[in-house]
Amino acid sequence: MKLVVVGADAAGMSAASQARKLKGPGELEIVAFERGHFTSYSACGIPYWIGGAVTDRDSLIARDPAAFARAGIAVRLRHEVVAIDLDRREVVARDLAGGGERREGFDELVYAAGAVPVTPDWARVDAEGIFGVQTLDDGAAIHAWLDREPRPRRAVVIGGGYIGVEMAEAMVRRGLDVTLLEKAPQPMSKVDPDMGERIREAICGLGIEVRTGTHVEELETTRGRVSAVVTPDGTFPADIVVLGLGVRPNTAMAEESGIPLGVTGGLRTDLRMRVVGTDGRIDGLWAAGDCVQSVHRISGQPVHVPLGTHANKQGRVAGINIGGGYATFPGVIGTAVTKVCDLEVARTGLSSLEASAAGFDFVTATVESTSRAGYYPGASSMAAKLIAERRTGMLLGGQIVGRAEAAKRIDALAIAAWNRMTVEEMTALDLSYAPPFSPVWDPVLIAARKATERVHASR
């Protein structure tokens, strides 16, 4: 049998590796196509490499093509799959380096083409100095531009989500004057406004000019290079523009091949990551990663949540099933974490806006606490917010914003939300305690107590 993988990053190579563990080269031939120069790398690490916290680009690469070759997995770098022929069971791949095209037959196909940046018309400018942050190739291009003479002095980052905020900090650390533009009323709109205001203060504290509630009208260029960003609030000079406007599933080729898409624009799969068409599963076709549509375990609604954690898990599930085993992917709750300087930001489940859109009636509770016992040296402040269903008290979501040692507490909330615990049940959780690590009542427990009081009061 032959397995062809479209996209040789997290999801695709997790699938290939798991399939190889269960079937040797004599049973299963595996060929992976990748349009870029790298395999299995951490895209999440790119802002930290650009900002200097990570000094070696190659440390972001988990496994290179040589390592996969030793495992009996052939990787074709700089080959972009441009068509899938489901009737002939072939893909058409274009050689981006040498030119020409090749056809590759398959018995099983994993579609792991990832996501592509959202690029409005105003961003489609033929000029140097405008960058997305989607691939390691993008990161290398930004690095080269920042090291180019004359050195850029002014950066404009467009988009205040995770990548936008992380890239704004990276630009500051590289010594640039930075402006962050966001069309929403606050940066990091995946958290509630009260928590977002804390993030805004931290961003401004880095010396970054933050403009919210604004949109970009035009990118100005001078002699083939970007020179300014034009908005209704004014024109901002720029020697480099970073686009952090989010991503969408990279599924155009799949749709052109006759594969129907879900309501989010991602490929629909069953629990085993087999692609679902109009009339049921499509034989031998699997999908994983940022190109698929998932189910939110709390709202029950289809969502597109592009995270490396999900991509690796989905690829693993697909590979196990291709190799003859059995595994399922049960959905997502969107747990994510980042930082702005020393401010840590985390969220899981539904925000208040998302809970309202899903139809929940809910209460919220926010508490201020410390990361350690208040008398222990190094204790820092943190805020924890819980969102609970009004009638049942079921935890719908949680957010944490604080200093050192705050954000990873989101994992306790994620486990509670994943298992549909009520906030009252959470008050009895047997969490660890010692003064260097937590107050005797951990902030998670204090927030659960307060949320329980709100639930009882609202009944």
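Is Arg151 buried, exposed or partly exposed? With a relative accessible area of 45%, Arg151 is partly exposed, because that category runs between under 20% for buried and over 50% for exposed. Keep in mind that every view below shows a predicted model.

**View 1. Arg151 joins up with Glu149 in a salt bridge.** Here the closest N and O atoms sit 3.3 Å apart. You've already met Arg151 as a partly exposed residue. Its partner Glu149 has 57% relative accessibility, so Glu149 counts as exposed. A search of the whole structure turns up 28 salt bridges, and the next two views pick out others.

**View 2. Lys2 and Glu29 hold on to each other through their side chains, forming a salt bridge.** The N-to-O distance is 4.0 Å. This pair links distant parts of the chain: Lys2 belongs to strand β1 (residues 2–6), Glu29 belongs to strand β2 (residues 29–34), and the two are 27 residues apart. Lys2 counts as buried, at 15% relative accessibility. Glu29, at 41%, counts as partly exposed. The story doesn't stop with two residues, either: Lys2, Glu29, Arg102 and Glu104 are linked in a network of salt bridges.

**View 3. Arg103 and Glu90 make a salt bridge between two strands.** Look for the side chains meeting at 2.8 Å, N to O. Arg103 is in strand β6 (residues 101–105) and Glu90 is in strand β5 (residues 90–95), so this pair ties together parts that are 13 residues apart in sequence. Arg103 is partly exposed at 47% relative accessibility, whereas Glu90 is buried at 16%.

**View 4. Five strands line up in an open, parallel sheet.** Reading across, the order is β9-β16-β10-β11-β12. What's going on at the edges? β9 (130–132) and β12 (209–212) each have a single partner strand, so one side of each has no neighbour in the sheet. On average, neighbouring strands here are turned by 20° against each other, ignoring direction. Zoom in on β9 and you'll find it paired with strand β16 (residues 240–243) in the parallel sense, over three bridges. One spot to look for is Gly132, whose bridge partner in β16 is Leu243.

**View 5. Helices α4 and α5 lie across strands of the sheet.** Helix α4 (residues 136–146) lies across β9 and β16, and runs at about 150° to β9. Helix α5 (residues 162–173) lies across β10 (154–158), β11 (177–182) and β16, and runs at about 170° to β11. If you trace β16, you'll see that it's crossed by α4 and also by α5.

**View 6. Two arginines lie over the faces of tryptophan rings.** Arg297 lies over the face of Trp418, 3.9 Å from the ring centre. Arg449 does this with Trp441, at 4.4 Å from the ring centre. As for rings pairing with rings, a search of the whole structure finds one aromatic pair.

**View 7. His310 is tucked away in helix α8.** This helix covers residues 308–322. Is His310 buried or exposed? It has a relative accessible area of 8%, so His310 is buried. Leaving out residues up to four places away in sequence, His310 touches Val305, Phe329, Val332 and Gly334.

Conventions
Residues are numbered from 1 along each chain as its sequence is written. This is a predicted model: local features need pLDDT of at least 70, side-chain atom pairs count only at pLDDT 80 or more; totals for chains, interfaces and linings use all residues. Side-chain values use heavy atoms; hydrogens and water are left out. Two strands pair if DSSP finds at least two bridges between them. Helices (H or I, at least four residues) and strands (E, at least two) are DSSP runs, numbered from the N terminus. Axes are lines fitted to C-alpha atoms, for helices over the stretch in contact, and angles run from 0 to 180 degrees between N-to-C directions. Contact means heavy atoms within 4.5 Å. Rings of Phe, Tyr and Trp (its six-membered ring) pair if their centres lie within 6.5 Å; planes under 30 degrees apart count as stacked, over 60 as edge-to-face and the rest as tilted. A charge sits over a ring if NZ of Lys or CZ of Arg is within 6 Å of the ring centre and within 35 degrees of the ring normal. Buried means under 20% relative accessible area, exposed over 50%, partly exposed in between (1.4 Å probe, protein chains only).
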